[in-house]
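The following exercises are meant to be worked with the sequence and the coordinates side by side. Each task is followed by a solution that proceeds step by step.

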Amino acid sequence: MSDSRAIPGKALAAALQRWGLPLYRDVPLARFTTSRIGGPAEALVMVEDVQALADVVQGAWADGIPVTLLGGGSNVLIADRGVRGLVVLNRARALRFEADGRVWAASGVLLPTLARLCAERGWSGLEWAIGVPGTVGGAVVGNAGAHGGDIASCLESVELLVPEEGIVIWGVGQLALGYRTSRLKTWPAAPRPVVLAARFLLRPEDPEAILERMAAFNAYRRRTQPGGASIGSMFRNPPGDYAGRLIEAAGLKGARRGGIVISTLHANFFINEGNGTAADVRALMMEVQRCVQERFGVLLEPEIEFVGEWEDEAADSGGCAVRGEIRGA
Ligand SMILES: Cc1cc2nc3c(=O)[nH]c(=O)nc-3n(C[C@H](O)[C@H](O)[C@H](O)COP(=O)(O)OP(=O)(O)OC[C@H]3O[C@@H](n4cnc5c(N)ncnc54)[C@H](O)[C@@H]3O)c2cc1C
């Protein structure tokens, strides 16, 4: 894989040197995604600090290098051809409990870890997040939610790195959080802002009561969702209905393409049995869209994001792309 821009350029090289960060090349990304799927990153850096995250991304932007942020890799399908430019693996995991129910979390903090630590402290508001994989940054971008709660209901503000602006603080209202979306997710042009950190506002409650609710959420998830390698829900729920119900009603539970099978427990989950590829997932998604539309007249919209180099694969499948955002590097 090659890119017209040298990686690193001058600004990125300086940032890497300041933070003593190695740059890795041609790194298979499958090990960094919950689906265990993903071709190679042209270049990859792992950051463990919010300042380093800002510095590295700013350096890459200054050099004109495309940047892809990767948190837990639990809501992305990375193309088999991989990702051009720089992939930044976010492992910035600092956490600060402040006064009055406020908690500041670096964007690489794992959401279930944050939920558990807050519950143990007797701070309520994040218990819905106990079974939602991934990082604070990814959760803010997609307004993650479950069990009637979501990021919008407990977030106070975020620290962002915005192209042309630098580091800014936005109140939750500025993010335009909606059902699995935000102003960051629908940002009109690359590069997209980077979430550096988030501040949550929680309420005091008896820790035992919070932990009990979380245990019930965990038990529900274990009953209703499959284990194994997946990206969670593949399609958004259409208004007034459930994508899983429609896929099941179309008779598609257990359908497979290559190493990918539609879960027999929850039809909106696709499981990678070990040798599945991104092309398999995408082909199965198109099949599901076609069947559900034919049977019920509903076009299911992908909930996951497509990342990386997809163009040729779309052409291979007759030029028929899954409808939904495809983000090239
Ligand atoms: C088994 C399973 C169950 C799930 N259940 C739920 C559920 O109940 N509710 C729910 O909402 N979701 C669920 N998901 C989806 C997923 O957990 C969420 O979407 C999660 O918030 C994604 O976070 P992440 O860090 O993994 O993001 P990634 O997949 O790494 O990234 C997602 C997007 O956010 C961008 N991004 C990541 N970090 C940053 C950052 N710091 N700044 C800017 N952009 C960034 C990425 O570039 C990408 O575009 C589930 C997934 C799985 C695998």
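A residue counts as buried if 20 or more other C-beta atoms lie within 10 Å of its own, as exposed if 12 or fewer do, and as partly exposed in between, with C-beta atoms placed from the backbone. This is a predicted model, in which local features need pLDDT of at least 70 and side-chain atom pairs count only at pLDDT 80 or more, while totals for chains, interfaces and linings use all residues. Residues are numbered from 1 along each chain as its sequence is written.

**Exercise 1. Describe the overall dimensions and packing of the chain.**

Begin with burial: of the 329 residues in the chain, 47% are buried. Next, consider the radius of gyration, which is taken over C-alpha atoms and compared with a globule rule of 2.2 Å times the number of residues to the power 0.38. For 329 residues a compact globule would have a value near 20 Å, and the chain, at 20 Å, agrees with this. Along the principal axes, the C-alpha atoms fill a box of roughly 55 × 55 × 30 Å. Then turn to contacts, meaning pairs of residues whose C-beta atoms, placed from the backbone, lie within 7 Å. Among contacts between residues at least 6 apart in sequence, 66% join residues at least 24 apart. Finally, the secondary structure comprises eight helices and 19 strands, where helices (H or I, at least four residues) and strands (E, at least two) are DSSP runs numbered from the N terminus.

**Exercise 2. Determine which parts of the chain surround the ligand.**

Take a residue to be near the ligand if its C-beta atom, placed from the backbone, lies within 6 Å of it. The resulting shell holds 31 residues, the closest being G71, G134, G137, G138 and G232. Two or more residues each come from β3 (67-70), α4 (136-142), β9 (145-146) and β13 (194-201), and the largest share, five residues, is that of α4. Sorted by class, the shell has twelve nonpolar, 17 polar and two charged residues; here Ala, Val, Leu, Ile, Met, Phe, Trp, Tyr, Cys and Pro count as nonpolar, Asp, Glu, Lys and Arg as charged, and the others, Gly among them, as polar. The ligand lies between domain 1 (10-90) and domain 2 (95-224), because both give residues to its shell; these bounds come from an automatic or database domain assignment.

**Exercise 3. Place β13 among its neighbours.**

Strands pair if DSSP finds at least two bridges between them. Strand β7 (residues 102-106) pairs with β13 in the antiparallel sense over five bridges, and R102 has L201 of β13 as its bridge partner. Strand β11 (residues 155-162) is likewise antiparallel to β13, over six bridges, with E159 bridged to A197. Six of the eight residues of β13 are buried, so this strand is largely enclosed by the rest of the structure.

**Exercise 4. Locate the unusual backbone geometry.**

Recall that most residues other than glycine have a negative phi, and most peptide bonds are trans. The bond from I7 to P8 is cis, with omega near -5°, and P8 sits in the segment before α1 (10-19). The bond from A190 to P191 is cis, with omega near -5°, and P191 belongs to the loop between β12 (166-171) and β13. As for phi, R36 has a positive value near 60° and lies in the loop between β1 (24-28) and β2 (40-47). H147 has a positive phi near 50° and lies in the loop between β9 and β10 (149-150). R36 is partly exposed, with 19 other C-beta atoms within 10 Å, and H147 is partly exposed, with 17.

Terms used:
Two residues are in contact if their C-beta atoms, placed from the backbone, lie within 7 Å.
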